[in-house]
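Biologist: Hey, got a minute to walk me through this model? I'd like to go through the sheets first, then the helices.

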Amino acid sequence: MATIATETGSSYAAVLGVGSYRPSRVIPNADIVDAIDSSDEWIQQRSGIRQRRFANAEETVQMMSVAAARKAIDRAGIAPEQIDCVIVATVTHLLQTPAIATAIAYELGTDQAAAFDISAACAGFCHGLALADQMVRGGASRYSLVIGVERLSDLTDMEDRGTAFIFADGAGAAIVGPSDSPGIGPVVWGSDGEQFDLIRQKEDWRDIVAMERPVLPYLTMQGNPVFRWASFTMAKVAQQALDKAGIAPDDLDVFVPHQANMRIIDAMARAMKLPERVAIARDIADQGNTSAASIPLALDRMIDEGQAKSGDIALLIAFGAGLAYAAQVITVP
Ligand code: COA
């Protein structure tokens, strides 16, 4: 009987380059507070957010993705034609089909790369990274481009007190490719669908079409249970990712948690008893919560500002709607 041939890839995979794009409109808390009867002080105290960035009309999901990707490609020192797979994590590409990844792959000048979108909300980038790692080692891809991108301002009800001050826009990207040594540790990922409704779009497209005055499918969030889940459960997941990678907290240089809320970041760092010397991403203060884009945006900033240096060991953890989560240890490119 005939047997099917299989393939294997590189022994190890690594992140070879990171890039990001921050939209041009800076929106301070003062511009948000009136519509939600809030204050700059309340927002800073509860979330750590001082300002966020919103995209303008030209800063589309595709445009921001391409800009972030070009920087990552440049940093990785490869040509766009070498990219054979493009994975885009987003929940704000508002065409259900086709995937925006194919248009991005084309605009970047890849040679007909495999291209698809994934929907894992704020956890999307780390899901994409896990897929790319497996594909490079499994042989399905040599150079994968992973993008996390959101235009959450399109899906945020600016009169909703629970979400208007949190969400923001931006894009981040990473090139994953072959490496001589392990650059991406085992992923720890999972979901808790029992809490499906905690962060979600209010309506699906059919409900919207049936509305007397249709609106975009805004996001809604039950902040309190999300806060508790993220602060306590996610520290354990982050610890598991360290354990699986054989990395002790003392070996860690950089911690890049999803930029959901400064209080969650602080609570996780405390629960994990991270040594003082570990650099912790705090991009949320200036950027808001950009869901799938938050980790590559924060990591790219730390690289640019010298807080994360080439060869450093970094722990990434992403979590959000679903509820879905994913964490892994990487070497900073
Ligand atoms: N501005 C001012 N006051 C507000 C407010 C706002 N935007 N939203 C709620 N409040 C008030 C409430 O009316 C309530 O007042 P009361 O005590 O007089 O009744 C008080 O603040 C507390 O409300 P509550 O809803 O319990 O707020 P909270 O302490 O849970 O804080 C969040 C709200 C959203 C900041 C918090 O739940 C949170 O950070 N959750 C996690 C969100 C997150 O990270 N999501 C992303 C996950 S990917």
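Biologist: How many bridges join strand E4 to E5, and do they run parallel or antiparallel?

Modeller: This is a predicted model, so keep that in mind. Strand E4, residues 85-89, is joined to E5 by 5 bridges, and the two run parallel. To pick out one pair, isoleucine 87 has phenylalanine 116 in E5 as its bridge partner.

Biologist: Which helix packs on the sheet there, touching E4, E5 and E6?

Modeller: That's H3, residues 100-108. The direction of H3 makes about 140 degrees with that of E5.

Biologist: OK, zoom out. What's the strand order in the sheet with E4 and E5?

Modeller: The order is E1-E7-E6-E4-E5, an open sheet of 5 strands with mixed pairing. Strand E1 (12-21) and strand E5 (114-118) are at the edges with a single partner strand each, so each has one side without a neighbour in the sheet. On average, neighbouring strands are turned by 20 degrees against each other, ignoring direction.

Biologist: And where does H2 pack on that sheet?

Modeller: H2, residues 61-76, touches E1, strand E6 (144-151) and strand E7 (169-179). Its direction is at about 130 degrees to that of E1.

Biologist: How do H2 and H3 sit against each other, in angle and axis distance?

Modeller: Their axes come within 10 Å and cross at roughly 50 degrees. H2 and H3 are therefore oblique to each other. The crossing is right-handed.

Biologist: Which residues make that contact?

Modeller: From H2 you have Val61, Gln62, Ser65, Val66, Ala69, Arg70 and Ile73. H3 brings in Ile100, Ala103, Ile104, Glu107 and Leu108. By class, the contact of H2 with H3 has 8 nonpolar, 2 polar and 2 charged residues.

Biologist: Switching to the other sheet. What's the order with E8 in it?

Modeller: E8-E14-E13-E11-E12, again 5 strands in an open sheet with mixed pairing. Strand E8 (188-191) and strand E12 (279-280) are the edge strands, pairing on one side only.

Biologist: How many bridges are there between E11 and E12?

Modeller: There are 2, and the pairing is parallel; E11 covers residues 254-257. One of the partnerships is valine 254 with alanine 279 in E12. H7 packs on this sheet and touches E11, E12 and strand E13 (313-320), with its direction at about 135 degrees to that of E11.

Biologist: What about H7 and H6, what angle do they pack at?

Modeller: About 40 degrees, with the axes 9 Å apart; H6 is residues 223-245 and H7 is residues 262-271. H6 and H7 are therefore oblique to each other, and H6 passes H7 in a right-handed crossing.

Biologist: Who's touching whom across that one?

Modeller: On the H6 side, Phe227, Ala230, Ser231, Met234, Ala235 and Ala238. They meet Arg263, Ile264, Ala267, Met268 and Ala271 of H7. The contact of H6 with H7 divides into 9 nonpolar, 1 polar and 1 charged residues.

Biologist: Last topic, charges. How many salt bridges does the whole structure have?

Modeller: The search finds 15. One of them pairs aspartate 286 with arginine 50, where the closest N and O atoms are 2.8 Å apart.

Biologist: Where do those two sit along the chain?

Modeller: In distant parts, 236 residues apart. Aspartate 286 is in helix H8 (residues 284-287), while arginine 50 is in the loop between helix H1 (40-47) and strand E3 (51-54).

Methods: Residues numbered from 1 in each chain as written. Predicted model: local features only at pLDDT ≥ 70, side-chain atom pairs only at ≥ 80, totals over all residues. Heavy atoms only, no water. Axes fitted to C-alpha atoms, helices over the stretch in contact; angles between N-to-C directions. Helix = DSSP H or I, 4+ residues; strand = E, 2+ residues; numbered from the N terminus. Parallel < 35°, antiparallel > 145°, perpendicular 65-115°, else oblique. Left-handed = near helix turned anticlockwise from the far one by under 90°. Contact = heavy atoms within 4.5 Å. Nonpolar A, V, L, I, M, F, W, Y, C, P; charged D, E, K, R; others polar. Pairing = 2+ DSSP bridges. Salt bridge = Lys/Arg side-chain N within 4 Å of Asp/Glu carboxyl O.
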